[in-house]
There are 2 protein chains.
Amino acid sequence: MQIRNVGVVSPGDMGQAISGRLKEAGLNVYTALDGRSERTQALARAAGLTDCGSMEQLVSTCELVLSVINPGAALTVARQVAAAMKKTGRKAAFADLNAVSPQTARDADRMIREAGGLFIDGGIIGPPPRSEKDKPRLYVSGPDAYLMEQIVHPNLLVRVMSERIGDASGVKMCYAAMTKGTTALAVELLVAARKLGVEQALEKELRESRNDVFDWQMKNIATMPPKAYRWVPEMQEIAKTFGELGLTRRIFEGATDIYGMVAETALGKESPEQARKAGRTGLDVTRGLADGK
Amino acid sequence: MQIRNVGVVSPGDMGQAISGRLKEAGLNVYTALDGRSERTQALARAAGLTDCGSMEQLVSTCELVLSVINPGAALTVARQVAAAMKKTGRKAAFADLNAVSPQTARDADRMIREAGGLFIDGGIIGPPPRSEKDKPRLYVSGPDAYLMEQIVHPNLLVRVMSERIGDASGVKMCYAAMTKGTTALAVELLVAARKLGVEQALEKELRESRNDVFDWQMKNIATMPPKAYRWVPEMQEIAKTFGELGLTRRIFEGATDIYGMVAETALGKESPEQARKAGRTGLDVTRGLADGK
């Protein structure tokens with residue numbers, strides 16, 4: 001199947017940046033904005049996406065639909081796309097690129113196949129591709145994952161893993177466990193250090209003994225608060241993934257607690273655009289959290 | 001008070017290495033081996049420590065007693081030392097250098113002061129000082145912490161923090177949360193990746209995108225299994241510290257689960273000496289754990 005027309009649901013922070021690269025790769029990019037937030041509508045306009053309005057219209061127009069959304073909404077989107085495929089009789093390919101567990105990916109696969117569509121399991125590793133430096137990797141797997149090789153762009157690298165649904169989600173879960181799990185842990189201990197009155201001694205010790213790791217954590221924490229609400233369902237998917245393997249869920253249940261706590265603060269309620277403008281350091285963020293801001 | 005004679009309870013992996021540096025610093029170093037394991041007795045002999053036999057004899061001989069032990073045994077040791085001080089009427093200084101919560105340090109402080117002794121809160125950051133490269137920091141706090149400044153050695157750095165009991169333990173808890181918490185998390189996700197059949201893709205991605213952090217984690221995991229049983233109570237003390245501040249305990253309860261799981265494996269039952277001899281990499285360890293070895 002030749003892919004010319006790609007749908008993106010929905011063009012939020014990551015989806016919008018990816019849509020831009022898809023257009024540069026020579027593809028026509030569409031979305032369905034019926035019922036979406038004003039911010040998402042503005043991001044879609046800024047990216048120059050064509051609005052199909054409804055999901056039915058989107059699956060009728062596109063050979064490939066990409067789901068890039070809050071992982072808590074991944075199955076809802078898959079269900080909507082499956083319903084639209086059934087209603088229109090259109091047999092498009094649907095790639096779930098969200099941070100969900102292999103089991104959630106298999107659940108989405110079943111819905112899409114039952115509707116007659118092709119399902120591709122996927123996961124995005126790396127930042128939204130806004131500048132030339134950003135080169136996110138799209139890991140994909142499943143019997144139809146090869147279709148994604150038609151996306152060719154130097155700042156959007158497609159990596160076909162295997163023919164097995166779940167592999168792409170699995171690698172994403174483990175990678176996100178490392179990065180976002182470590183960030184949650186670092187937030188907790190830096191907040192604790194400030195509450196205990198030993199923040200400066202700890203920072204000095206961390207800078208002396210593990211400056212590279214500390215710098216990495218600070219960089220991650222600086223931009224985290226506006227994403228915290230999305231990372232709650234992502235941590236829940238990781239807890240689910242590891243729990244199903246017989247490993248402890250509690251590290252990631254705790255990370256869920258941390259991101260849930262951050263999401264409720266003033267910092268957590270900013271938009272990514274507001275947070276970028278404020279230009280806080282990681283320590284500015286953890287101090288704000290410790291001091292109840 | 002001038003310090004010439006120092007007692008070390010007990011000279012295990014860390015205690016033995018510190019005892020060697022104390023001797024090089026010109027101090028007389030004693031221990032009390034009644035009821036200790038054969039391995040600890042052998043380590044004490046190798047370090048050339050003088051055995052006082054009982055705790056009573058140890059507090060009678062030394063101006064300063066250092067507690068360096070499994071954190072789960074810290075309060076037991078403080079209680080024994082307090083009893084020995086009461087019995088002998090000796091008012092020595094006692095430094096708890098274990099990885100315990102500020103509250104546990106305050107509990108030990110109360111026992112020692114009630115027995116007429118001086119209490120110093122402490123925490124050791126860094127590896128056992130065996131080679132010239134190892135320069136662990138002894139963080140100490142409390143009204144009598146300045147006494148520790150009499151320990152002068154280029155490979156055993158004393159850092160007096162404040163006059164407040166709990167500050168040294170607080171900085172140690174937060175630092176250990178970072179290092180040992182991240183190690184637990186990395187172990188879990190690497191074991192998961194192998195069980196999911198995506199280990200190689202994950203390793204490749206981690207090496208490409210965060211090689212410095214991955215190398216650090218691999219180094220930590222390589223030497224971890226023989227210490228896992230001691231890190232169980234250490235993670236519990238961290239969970240307690242953070243819980244008392246109103247922060248989630250679950251990340252560190254999960255880390256406790258991981259180290260408890262590792263401690264029960266064949267790798268976890270090796271001695272540090274056996275593990276050093278085997279010379280495994282971090283991936284050798286996580287593969288062994290995933291494959292049920």
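By class, the residues around the largest cavity comprise 6 nonpolar and 2 charged members, with no polar ones among them. This lining belongs to a predicted model, and the residues that form it are B:A222, B:P225, B:P226, B:L267, B:E270, B:A275, B:R280 and B:V285. Since Asp, Glu, Lys and Arg are the residues counted as charged, the charged part of the lining is supplied by B:E270 and B:R280. The space inside the largest cavity amounts to about 30 Å³, and a search of the whole structure returns 1 cavity of 30 Å³ or more.

**Relation of the two chains**

Two copies of a chain are related by a rotation about an axis and a shift along it. Here a turn of 180°, with a shift of 0.0 Å along the axis, lays chain B on chain A with an RMSD of 0.0 Å, and this is therefore the relation of a two-fold axis. The same surface is used by both copies, in that 100% of the contact residues of chain B recur in chain A. Within chain B, the residue that comes closest to the rotation axis is B:I251, whose C-alpha lies at 1.9 Å.

**The interface**

The size of an interface is often given as the accessible area lost when the parts come together. For chain B and chain A the buried area is about 4700 Å², and 69% of it falls on carbon and sulfur atoms. The counts for this pair of chains are set out below.

| Item, chain B and chain A | Value |
|---|---|
| Contact residues from chain B | 52 residues |
| Contact residues from chain A | 52 residues |
| Salt bridges | 10 salt bridges |
| Polar contacts (both residues at pLDDT 80 or more) | 18 residue pairs |

One salt bridge can be described individually: B:D257 pairs with A:R250, and the closest N and O atoms are 2.7 Å apart. With a cut-off of 4 Å between a side-chain nitrogen of Lys or Arg and a carboxyl oxygen of Asp or Glu, the 2.7 Å between B:D257 and A:R250 satisfies the rule.

Definitions and conventions
Residues are numbered from 1 along each chain as its sequence is written. Chains are lettered from A and ligands numbered from 1 in the order in which they are written. This is a predicted model: local features need pLDDT of at least 70, side-chain atom pairs count only at pLDDT 80 or more; totals for chains, interfaces and linings use all residues. Side-chain values use heavy atoms; hydrogens and water are left out. On a 1 Å grid over the protein atoms alone, a cavity is a set of points where a 1.4 Å probe fits but cannot get out, and a pocket is an open set with protein on both sides within 12 Å along at least five of seven lines; lining residues have an atom within 4 Å of a point. Grid points are joined across faces, edges and corners, and a volume is the space filled by probe spheres set on the points. Copies are superposed by least squares on the C-alpha atoms of residues with pLDDT of at least 70 in both. Contact means heavy atoms within 4.5 Å. Buried area is the accessible area (1.4 Å probe) that two parts lose on being put together, summed over both. A polar contact is a pair of N or O atoms within 3.5 Å; within protein, one must be able to donate a hydrogen and the other to accept it, and residues adjacent in sequence count only if both atoms are side-chain atoms.
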